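Work through the exercises below with the model open in a viewer. Try each task before reading its solution.

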Amino acid sequence: MGPCGTKYRLNYRADDYAGVIKSPLDHVQRQHFDKMTAAPTDQNGTVPLHRLPVEIFVQIIFRGLEHFRARGWSHRTYLGRLVTLCRVCKQWREVIDCTPSLWTTVDILDPPAIRSAAAFRSVNYPLNIIGTPPGPIKFATYLPGRSDEFLNAAMMLSTRWSSIQLVVASSDKALAIMHAPAPLLQSLEVKSTVQTRLHLQGGIVFQGTTSQLRRLSLHGVAIPWDSYILRNLQYLSISGLKEYGPSYEETLGILKGCPGLLEVDFSLKLAAAGETSKKEAPFKMAELSFMSLYLSHHWTLDLLETIQLPSIRSVSLDLDPNSGSDQLLRHIIKCAHTLFSTDLDGQYNICIVISCVEGLTWTCEPTEANRGGKRFEITTRDRPQSETLEDFFAEAPANIFKPESITIDLDCPFDLDLSTFLTKLDGVDRIRNIIASDCDLQPLFTYMSRATTNDQWGFPKLERLEISNCDYDPLYLLSMIKARYGIEEGGRGNTSEGLCDLPPPLKWVSISRVPVKSDKDIFGSLKDVLGPGCFELIIM
């Protein structure tokens with residue numbers, strides 16, 4: 001072991017924060033950790049990377065692993081990757097061992113030996129605590145293994161918390177987190193698997209020690225909505241509350257108390273029901289860039305009309321189907337278009353998703369050439385998709401509704417009749433992409449094989465078609481392709497059917513998970529028509 005390792009062992013008992021590794025068992029775990037990270041050989045000191053100054057080498061490691069401090073959906077952790085780097089060679093291990101700032105993430109998915117080593121080697125540096133299953137904490141539905149043990153160890157380190165993500169199963173554990181002294185805390189994300197309301201005496205949290213909190217996420221956890229920690233935030237997310245959620249007036253009060261807010265995410269469809277009590281005077285949120293709302297129609301519309309958003313870059317609206325009329329929906333669509341009216345003068349694309357779970361989602365986003373453009377998304381549920389689509393097209397300003405392209409994503413049940421939906425697209429000649437999965441495509445192929453009520457081909461400028469796990473007769477697919485390529489009689493210039501010229505050739509067709517009883521020779525014929533560079537068949 002190098003001199004740095006010896007120094008850490010001599011200072012072992014003097015460390016103020018060694019409470020989590022004081023037992024004989026933890027001592028054994030540290031020995032096990034040393035074996036886990038043991039480098040097999042010394043490496044040649046002439047390797048260019050090894051000739052860098054140590055400070056620069058540490059920065060390379062830090063920047064390379066920084067993204068993994070937020071684990072996301074991955075089961076691999078930040079410390080797991082750091083331990084892998086320790087195994088590269090003796091020099092790497094010694095540098096990493098002697099750099100406390102590289103050991104400041106403690107993750108519940110790591111083995112106890114690695115967590116203990118991280119808490120010890122990080123000395124007095126602020127810690128990033130992750131006690132959640134893989135995935136965003138908002139969607140966590142269960143407690144990770146040994147969560148009580150992990151929480152107890154994390155509580156002993158509260159004075160070093162910089163950020164903390166924890167899933168708990170009771171109000172007592174959530175309350176314990178809020179009562180811990182945390183003078184360095186900047187980010188707090190808590191999810192309770194059981195909806196809970198915390199009663200904070202005097203509204204005091206973290207023993208009154210925190211003044212640096214800038215990011216707050218409460219999921220299934222309600223606090224007094226006039227608490228001082230709901231002030232001067234830059235990121236705020238509240239979800240998973242029913243009777244304990246803030247009222248509309250309290251919601252506005254929270255927003256007014258955070259003039260520097262950059263991102264807000266409210267998912268309160270169960271709590272935010274009914275009409276708002278009164279109209280509030282408009283106010284400006286000058287720095288708010290991203291807003292996501294899953295609220296009733298009334299709350300959504302009133303917030304959009306009350307808050308002035310000069311810096312907004314992205315808006316996502318998920319509308320509760322049982323909370324408003326068709327007229328309210330049209331007002332919301334018009335309000336969103338007004339909010340982004342100047343951006344719609346630029347280059348943008350539209351994506352329309354029909355989903356059996358998500359309903360209909362309409363997304364307007366900038367093209368690659370318009371990277372500074374804005375994005376908005378509206379989702380409606382449990383409403384006929386054809387009617388919703390008609391509302392979107394009707395409320396889009398005719399003078400500026402000129403997207404570069406439109407993508408249709410059909411992820412819908414087999415029993416959904418596409419015929420009514422498709423007729424709403426007659427005359428919309430900017431549809432370039434169709435993505436279809438888990439649905440009956442016979443109506444789609446029929447629509448694309450002949451003239452529509454607008455005397456044009458169905459999707460006259462279609463470029464890409466992607467099909468996965470759908471129900472259809474491959475012969476209908478082949479017939480549609482041949483018709484659009486003028487191979488079958490009547491495919492070109494058949495004036496009796498009112499057909500115009502042939503549509504342009506498809507640039508790409510991808511088919512995966514074909515129907516079980518399909519004749520594979522048919523797909524060979526498709527490839528002959530489309531050309532090898534335009535067709536992909538994936539057999540799974």
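The exercises go from the whole chain to helix pairs and then to single residues. The model is predicted.

**Exercise 1. The whole protein**

Task: State how many helices and strands the protein has, and what share of its residues is buried.

Solution:
- Step 1. Start with secondary structure. The protein has 16 helices and 19 strands.
- Step 2. Turn to burial. Of the 540 residues, 50% are buried.
- Step 3. Look at the surface. About 25,100 Å² is exposed, and carbon and sulfur atoms supply 51% of that area.
- Step 4. Check the contact range. Take contacts between residues at least 6 apart in sequence; 70% of them join residues at least 24 apart.

**Exercise 2. Helices α7 and α8**

Task: Classify the packing of α7 and α8, and say which residues meet.

Solution:
- Step 1. Two numbers describe a packed helix pair: the angle between the axes and the distance between them.
- Step 2. Here α7 covers residues 147–155 and α8 covers residues 171–179. Their angle is about 20° and their axes are 11 Å apart.
- Step 3. Angles under 35 degrees count as roughly parallel. Therefore α7 is roughly parallel to α8.
- Step 4. Add the handedness. The α7 and α8 crossing is left-handed.
- Step 5. List the contacts. From α7 come D148, L151 and M155; from α8 come K173, A176 and I177.

**Exercise 3. Two partners of α5**

Task: Helix α5 packs with α4 and with α3. Classify each pair.

Solution:
- Step 1. Take α4, residues 78–86. It packs with α5 at about 135°, with the axes 7 Å apart.
- Step 2. That angle falls outside the parallel, antiparallel and perpendicular ranges, so α4 and α5 are oblique to each other.
- Step 3. Read the α4–α5 interface. L82, L85 and C86 of α4 meet W92, R93 and I96 of α5.
- Step 4. Take α3, residues 54–66. The angle to α5 is about 85° and the axes are 11 Å apart.
- Step 5. The range 65 to 115 counts as roughly perpendicular. So α3 is roughly perpendicular to α5.
- Step 6. Read the α3–α5 interface. V54, F57, V58 and I61 of α3 meet W92, V95 and I96 of α5.

**Exercise 4. The surroundings of T104**

Task: Place T104, decide whether it is buried or exposed, and describe its polar contacts.

Solution:
- Step 1. Locate it. T104 sits in the loop between α5 (90–97) and β1 (105–107).
- Step 2. Its relative accessibility is 8%. Buried means under 20%, so T104 counts as buried.
- Step 3. Find the side-chain partner. The side chains of T104 and R69 form a polar contact of 3.0 Å.
- Step 4. Find the backbone partner. The T104 side chain reaches the backbone oxygen of S101 at 3.2 Å.
- Step 5. Set aside residues up to four places away in sequence. T104 then touches R69, S122, Y125, P126, L127 and N128.

**Exercise 5. R115 in its helix**

Task: Which residues does R115 touch, not counting residues up to four places away in sequence?

Solution:
- Step 1. R115 belongs to helix α6, residues 112–121.
- Step 2. Its relative accessible area is 11%, so R115 is buried.
- Step 3. With residues up to four places away not counted, R115 touches V106, D107, I108, D110, E149 and F150.

**Exercise 6. Positive phi**

Task: What are the phi values of F459 and N469, and how accessible are the two residues?

Solution:
- Step 1. Recall the background. Most residues other than glycine have a negative phi.
- Step 2. Take F459. Its phi is positive, near 55°. F459 lies in the loop between α14 (442–448) and β17 (464–468), and is buried at 2% relative accessible area.
- Step 3. Take N469. Its phi is positive, about 55°. N469 lies in the loop between β17 and α15 (474–484), and is partly exposed at 33%.

**Exercise 7. Separation in sequence and space**

Task: How far apart are the C-alpha atoms of S419 and T446, and those of G253 and D226?

Solution:
- Step 1. S419 is in helix α13, residues 418–423. At 35% relative accessibility, S419 is partly exposed.
- Step 2. S419 and T446 are 27 residues apart along the chain, with their C-alpha atoms separated by 9.3 Å.
- Step 3. G253 is in helix α9, residues 248–256. At 30% relative accessibility, G253 is partly exposed.
- Step 4. G253 and D226 are 27 residues apart in sequence, and 7.9 Å apart from C-alpha to C-alpha.

Note on methods
Residues numbered from 1 in each chain as written. Predicted model: local features only at pLDDT ≥ 70, side-chain atom pairs only at ≥ 80, totals over all residues. Heavy atoms only, no water. Helix = DSSP H or I, 4+ residues; strand = E, 2+ residues; numbered from the N terminus. Buried < 20%, exposed > 50% of the residue type's maximum accessible area, 1.4 Å probe, protein only. Contact = heavy atoms within 4.5 Å. Areas by Shrake-Rupley, 256 points an atom, 1.4 Å probe, with all protein chains shown as cover. Polar contact = N/O pair within 3.5 Å; in protein donor to acceptor, adjacent residues only side chain to side chain. Axes fitted to C-alpha atoms, helices over the stretch in contact; angles between N-to-C directions. Parallel < 35°, antiparallel > 145°, perpendicular 65-115°, else oblique. Left-handed = near helix turned anticlockwise from the far one by under 90°.
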